[in-house]
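Here are my notes on this one, as promised. Have a look at the model first, then read on.

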Amino acid sequence: MATQHTPADDIVYDLVAIQYHALKAAEATDRYLKDAEGHDDVRAFFEEVAQQDADRALRAHKLLGSLTSSGGLSPQN
């Protein structure tokens, strides 16, 4: 049986925080990629990090969606 969560629950807040920080990191990595011009090894590392951040943000988004679609998220009482 799924536990009901409100938007202010720790689990919802935690997922939103992970998603937010992953997206902010991806935004910063765009700047780092420009700085890494001419350094292929560093650029490859930054691209790898950006992909990990994008994957993390997407996974958090999907988990948040599963909370709402499964009825696991309810309005605050």
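1. Start with the nonpolar core. The largest one in this predicted model is made of five residues: Val 12, Leu 15, Ala 60, Leu 64 and Leu 67. Helix H1 (10-35) and helix H2 (40-69) each put in at least two of them. H2 is the bigger giver here, with three residues in the core.

2. Now H1 itself. This helix runs for 26 residues and spans 37 Å from first C-alpha to last. At 1.5 Å a residue you'd expect 38 Å, so the span comes out close to that.

3. Which residues of H1 are buried? They are Val 12, Leu 15, Gln 19, Ala 22, Ala 26, Ala 28, Thr 29 and Leu 33. Notice that Val 12 and Leu 15 also sit in the core from point 1, and that Gln 19 and Thr 29 are on the buried list too. As for what lies over the buried residues of H1, the cover includes H2.

4. On the overall fold, the protein chain has two helices and zero strands. Take the contacts between residues at least 6 apart in sequence: 72% of them link residues at least 24 apart.

5. Last, burial and surface. Of the 77 residues in the protein chain, 25% are buried. The chain's accessible surface is about 5,700 Å², and carbon and sulfur atoms account for 56% of that area.

Key
Residues are numbered from 1 along each chain as its sequence is written. This is a predicted model: local features need pLDDT of at least 70, side-chain atom pairs count only at pLDDT 80 or more; totals for chains, interfaces and linings use all residues. Side-chain values use heavy atoms; hydrogens and water are left out. Helices (H or I, at least four residues) and strands (E, at least two) are DSSP runs, numbered from the N terminus. Buried means under 20% relative accessible area, exposed over 50%, partly exposed in between (1.4 Å probe, protein chains only). Contact means heavy atoms within 4.5 Å. Accessible areas come from the Shrake-Rupley method with a 1.4 Å probe; for residues, only the protein chains shown count as cover. A nonpolar core is a set of buried Ala, Val, Leu, Ile, Met, Phe, Trp, Tyr and Cys residues joined through side-chain atoms within 4.5 Å.
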